[in-house]
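Trainee: I'm new to this one, so could you walk me through it? Let's put it up and go step by step.

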Amino acid sequence: MGIRIYNTLTKKKEDFIPIEPGKVKFYLCGPTVYDYFHIGNARPFIVFDVFRRYLEYRGFDVTFVVNITDVDDKIINRAHRENRSPADVAEEFTRAYFEDLEKLRIRRATVHPKATEHIAEMIALIRKLEERGIAYRLNGDVYYNVEKFPDYGRLSGKKLEELQAGARVEVDERKRNPLDFALWKAAKPGEPAWDSPWGKGRPGWHIECSAMSMKYLGPDFDIHAGGEDLIFPHHENEIAQSCGAGSAQFARYWMHNGFLNIRGEKMSKSLGNVLTVREILKQISPEVIRLFFLQKHYRSPINYSEDILEETERAWRRLQNTYGELLQVENIPEDEFLAGKLPDRARAALQELAHHRSAFEEAMDDDFNSARAIGHLFEIVKLANRILAEGKPEGERAYVLSRIRKTLEGYDSFLSLLRKEESPATSGDFEKVMELLLEVRNSLRKKKLFDLADEIRSKLHEMGYQIEDRPDGSVWKKMS
RNA sequence: GGCGGCGUAGCCAAGUGGCUAAGGCGACGGUCUGCAAAACCGUUAUUCGGCGGUUCGAAUCCGCCCGCCGCCUCCA
């Protein structure tokens with residue numbers, strides 16, 4: 001059973017067949033580094049990070065490219081406003097971008113190319129388009145003539161005539177078609193500029209993705225992803241540029257994530273409702289943010305609110321709690337012989353695990369349906385808790401729990417939802433002192449000095465440690 | 001105006017022609033506990049925005065209506 005992907009280009013789910021068997025060439029539109037990225041920006045970063053790692057889990061060799069747009073109007077505007085250089089702004093927020101990625105447990109891409117380091121490639125691409133009569137010069141600018149590309153509008157499902165009818169009124173009259181877009185912009189005073197055959201200037205926004213994806217992935221590659229707002233014009237223009245310059249098809253599969261709304265509106269600077277990941281991470285742990293996105297299908301619109309995140313936090317706690325328990329169980333390696341001698345009860349549990357395993361992977365294979373997959377993940381959690389509740393985790397119970405733990409850890413290689421350090425630790429001075437404290441507290445409880453025992457518990461709770469008195473003894477956990 | 005999406009329990013959310021409509025949060029009852037916490041067991045949508053139609057059979061397909069949103073301009 002193979003992987004299926006909903007392709008924006010065909011508006012259908014298709015079997016995923018990579019150009020080169022076993023290898024996936026994958027491009028994601030990255031950030032424009034003019035500010036900290038917000039929770040809406042985080043969605044594609046997280047979901048496509050998981051998808052990339054899932055492809056690796058399924059055995060593909062993935063080359064993952066995520067660009068950094070470090071030359072752009074918004075960067076220049078901010079630099080002017082703050083009286084510093086655009087390069088300085090770009091550098092600050094590039095650094096911040098990587099810091100935030102790391103906090104969110106997003107793995108680095110294979111390459112993170114920067115636009116400013118690929119000016120030569122962009123110029124070469126524009127020259128090629130010019131040679132082929134697809135691009136034309138206009139007072140130091142260079143434009144792409146959309147009429148030269150018959151497929152223009154295919155990705156976004158728009159027709160050239162309709163687009164023209166709805167185009168903005170204030171168009172540059174000298175352009176051959178109102179939809180022609182800038183490949184190269186002539187330098188204006190105070191803007192970063194590079195030498196080119198057309199004089200000093202800077203590249204248009206769309207050309208960088210064409211140039212960098214083609215450089216690192218070749219003229220034709222497998223997957224191109226991004227937010228759904230990029231379908232038009234950005235991705236439409238990328239296709240036009242790349243195919244105009246010699247790609248047969250450019251990207252084969254186009255994946256677009258749905259938008260995140262806040263109070264029913266999209267998150268944007270102009271609406272003043274932007275919440276940066278940085279800000280949210282002060283309250284909420286990264287795993288919760290990941291789970292928040294993964295519990296929904298990547299193409300659906302989602303609503304952000306504090307309440308929903310708190311709800312997600314409680315769900316995440318359930319998952320983490322169980323994993324913490326599993327870490328306490330003796331790990332018994334997989335063993336065919338042992339497995340053959342298991343009693344029916346354990347055998348049934350393993351069968352249930354196998355069922356959820358295949359259902360989980362089936363869901364992930366089906367257009368990356370992480371929401372359905374997470375449902376099965378919680379079924380596995382329930383199974384683990386049921387076994388844990390049956391009695392001491394020894395013998396066949398430990399064997400089954402070990403299989404469950406391995407399953408969860410395998411999935412966590414791409415989900416990154418679990419924390420290893422949050423389990424009650426078993427070594428170190430701090431841990432020893434804590435054990436001692438719990439022993440003392442239990443003596444108090446035996447003597448029915450509950451006021452004192454409860455005070456210790458609530459004080460520890462205030463400090464961020466949770467105490468649980470279970471039938472087989474007391475345990476402590478670090479919270480959040 | 002053109003194009004597209006969405007509306008499933010108190011809330012979040014899968015499911016797109018046929019097994020009992022996943023899963024999570026919450027709530028309620030029970031088990032355990034000195035009390036909690038965690039966990040387990042059980043209950044919580046005879047029905048999928050509304051009205052018609054197609055079909056042996058529809059949340060799923062078609063039509064109309066109501067409500068919400070996105071894109072068409074920089075935007076994840």
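Trainee: Which helices do the buried residues of H13 pack against?

Mentor: Keep in mind that this is a predicted model, where local features need pLDDT of at least 70, side-chain atom pairs count only at pLDDT 80 or more, and totals for chains, interfaces and linings use all residues. Residues are numbered from 1 along each chain as its sequence is written, chains are lettered from A and ligands numbered from 1 in the order in which they are written, and side-chain values use heavy atoms, with hydrogens and water left out. Among the buried residues of H13 (buried means under 20% relative accessible area with a 1.4 Å probe, protein chains only) are Ile374, Leu377 and Val381. The helices that the buried residues of H13 pack against (contact means heavy atoms within 4.5 Å) are H9, H10 (306-328), H12 (344-365) and H14 (395-415).

Trainee: How far apart are the end C-alpha atoms of H13?

Mentor: Helices here are DSSP runs of H or I with at least four residues, strands are E runs of at least two, and both are numbered from the N terminus. The expected span of a helix is 1.5 Å times one less than its number of residues. H13 covers residues 370-390, which makes 21 residues, so it should span 30 Å, and that agrees with its end C-alpha atoms, which are apart by 30 Å.

Trainee: Which residue just after H13 takes a positive phi?

Mentor: Look right past the end of H13 for a phi of about 155°. The residue there is Gly391.

Trainee: Which element gives the largest share of the surface near RNA strand B?

Mentor: A residue is near a strand if one of its heavy atoms lies within 4 Å of it. RNA strand B is surrounded by 52 residues, with Trp205, Gly227, Leu230, Lys266 and Asp469 the closest. Elements supplying at least two residues of that surface include H1, H10, H15 (429-446) and S14 (465-470). The largest share, nine residues, comes from H13.

Trainee: What lies 2.9 Å from a sugar or linking oxygen of RNA strand B?

Mentor: Several parts of the RNA get polar contacts, meaning pairs of N or O atoms within 3.5 Å. A backbone N or O atom of Leu260 is 3.0 Å from a base nitrogen, while a side-chain N or O atom of Glu379 is 3.4 Å from a phosphate oxygen. At 2.9 Å from a sugar or linking oxygen, you find a polar side-chain atom of Gln466.

Trainee: Which strands are at the edges of the sheet S12-S11-S13?

Mentor: Strands pair if DSSP finds at least two bridges between them. This open sheet of three strands has mixed pairing. S11 (residues 260-262) and S12 are antiparallel over two bridges, with Asn261 opposite Lys266. The strands pairing on one side only are S12 (265-266) and S13 (302-304).

Trainee: And in the sheet S5-S6-S7-S8, which strands stand at the edges?

Mentor: This open sheet of four strands has antiparallel pairing. Each edge strand has a single partner strand, so one side of each is left without a neighbour in the sheet; these are S5 (135-138) and S8 (201-203).

Trainee: What is the bridge partner of Tyr136 in S6?

Mentor: Four bridges join S5 to S6 (residues 141-144), and the two run antiparallel. In S6, the partner of Tyr136 is Tyr143.

Terms used. Buried means under 20% relative accessible area, exposed over 50%, partly exposed in between (1.4 Å probe, protein chains only). A polar contact is a pair of N or O atoms within 3.5 Å; within protein, one must be able to donate a hydrogen and the other to accept it, and residues adjacent in sequence count only if both atoms are side-chain atoms.
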